Amino acid sequence: LKDGDDPRSALTEADCAAQRAIVGSLRSVWGKDLRIVGEEDDDENSAAAMEGLTFEPLRKDMFDDDIGETAEIDISDVTIFVDPLDGTREFVEGRIESCQVLVGVAIDGQPVAGAIGLPFPGGYQETEATIVYGLADMGTGTIGTPLARGPFPLDRNIDGVKYPRPHIATGDSTADVMTASKESAIKAFGGSNVIYGGAGNKIFAAALGEVACSIQHKYGGPWDLCAPQAILTAMGGRITDLFGDEIAVYGPDAVLKERRNERGYVVTPSGSEIDHDALVAALQRTAAVQ
């Protein structure tokens, strides 16, 4: 456990191995000048484990037809945020359909591109992974197993009697602010609460239109949000913190000093049954959020 008092803070060899593979591949192409921030940067064995390893060359031409000509970008303005296993707790508990690998690209503190890897599509280990990629204001695409999610509820939430719509996605936290947020949203818009694991997975669920909104009161850091936020934006969705302000966790001091990750997030897809601003206003009326 990263935190001995928090059973949700599991760290597995899968986290560390995936981060080594991702960071090592990026470094092999762009070298040490590329700024990479990973969730498992505190892994003391990571750098040593990457020494002497070779990595398959990354393809840099896959999306030339999609993107076309781009302006030259100074590498010092670019940060890559890596969450090698979003949903580690779910991975440990066997709920592998909730696990994702997140690689996001921020330029000048703004998330502009991302890739979400679904290593276990549908919860099956035998199935080839699905990779969803997106570029803000340009669109999205997939590689590997065709995406079999959205814009409809997951099978476990399809029962309209048990889970009337609109669906309001949260985690299973019992924190007062989350209890109040769920109650406030349902009171204002009706519907029901559906549970999703993984910070990025909740954003992705909203981006796909599986749910009308996703709410979370805090998250680990920018590695949780950069990739799914870029893909959400590319799909026409919207994300703010609980107070309606833009997500601002991509600066060097945003988490450790300013604790902006503790402002949570609210996500709505394009064409949602729930108006984003009205949802934020409803949440702000609760004492717990205030």
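## Phe 91 and its aromatic partner

In this predicted model, Phe 91 has a relative accessibility of 28%, so this residue counts as partly exposed. Phe 120 has a relative accessibility of 17% and therefore counts as buried, the cut-off for that class being under 20%.

Three aromatic pairs are counted in the model. One of them joins Phe 81 and Tyr 250, whose ring centres are 5.5 Å apart and whose planes meet at 55°, so this pair is tilted. Phe 81 belongs to strand S2, while Tyr 250 lies in the loop between strand S10 (238-240) and strand S11 (265-268); the pair therefore ties together parts that are 169 residues apart in sequence. Phe 81 and Tyr 250 are both buried. Phe 91 and Phe 120 also form an aromatic pair, and this one is stacked, with 6.4 Å from centre to centre and 20° between the planes. Phe 91 is part of helix H4 (residues 88-92), and Phe 120 lies in the loop between strand S4 (110-118) and strand S5 (130-135), so the contact ties together parts that are 29 residues apart in sequence.

## Strand S2 and its neighbours

Strand S2 comprises residues 78-86. Nine of its nine residues are buried, so S2 is largely enclosed by the rest of the structure. Phe 81, described above as a partner of Tyr 250, lies in this strand.

Two pairings of S2 may be described. Strand S1 (residues 35-38) runs parallel to S2, and the two are paired over four bridges. Within that pairing, Ile 36 has Ile 80 of S2 as its bridge partner. The pairing of S2 with strand S3 (residues 100-107) is antiparallel and extends over seven bridges. Here Val 78 stands opposite Ile 107 of S3.

## Strand S7 and its neighbours

Strand S7 covers residues 167-170, and both of its faces are covered. On one side lie His 167 and Ala 169, on the other Ile 168 and Thr 170, and all of these residues are buried.

S7 pairs in the parallel sense with strand S8 (residues 192-195) over four bridges. Ala 169 of S7 has Val 194 as its bridge partner in S8. The sequence between these strands includes helix H5 (residues 176-189), and S7, H5 and S8 together make a right-handed β-α-β unit. S7 also pairs with strand S9 (residues 213-216), again in the parallel sense, over two bridges. In S9, the residue opposite Ala 169 is Ser 214. Ala 169 thus takes part in the pairing with S8 through Val 194 and in the pairing with S9 through Ser 214.

## A charge over a ring

Another side-chain contact involves Arg 156 and Tyr 196. The charged end of Arg 156 sits over the ring of Tyr 196, at 5.2 Å from the ring centre.

## Cis peptide bonds and positive phi angles

Most residues other than glycine have a negative phi, and most peptide bonds are trans. The following sites depart from that pattern.

Gly 150 and Pro 151 are joined by a cis peptide bond, with omega at about 0°. Another cis bond leads from Arg 165 to Pro 166, with omega near 10°. Pro 151 lies in the loop between strand S6 (139-144) and S7, and Pro 166 also lies in the loop between S6 and S7.

Asp 137 has a positive phi of about 70° although this residue is not a glycine. Asp 137 lies in the loop between S5 and S6 and is exposed, because its relative accessible area is 73%. Arg 259, likewise not a glycine, has a positive phi of about 55°. Arg 259 is located in the loop between S10 and S11; with a relative accessible area of 49%, this residue is therefore partly exposed. The loop between S10 and S11 also holds Tyr 250, the aromatic partner of Phe 81.

## Cysteines

The count of disulfides in the model is zero. Cys 16 has a relative accessibility of 7% and so counts as buried. Cys 99, at 1% relative accessibility, therefore counts as buried as well.

Technical notes:
Residues numbered from 1 in each chain as written. Predicted model: local features only at pLDDT ≥ 70, side-chain atom pairs only at ≥ 80, totals over all residues. Heavy atoms only, no water. Buried < 20%, exposed > 50% of the residue type's maximum accessible area, 1.4 Å probe, protein only. Pairing = 2+ DSSP bridges. Right-handed = clockwise from strand over helix to strand, strands pointing away. Phe/Tyr/Trp six-rings, centres within 6.5 Å; stacked < 30°, edge-to-face > 60°. Lys NZ or Arg CZ within 6 Å of the ring centre and 35° of its normal. Disulfide = S-S within 2.5 Å.
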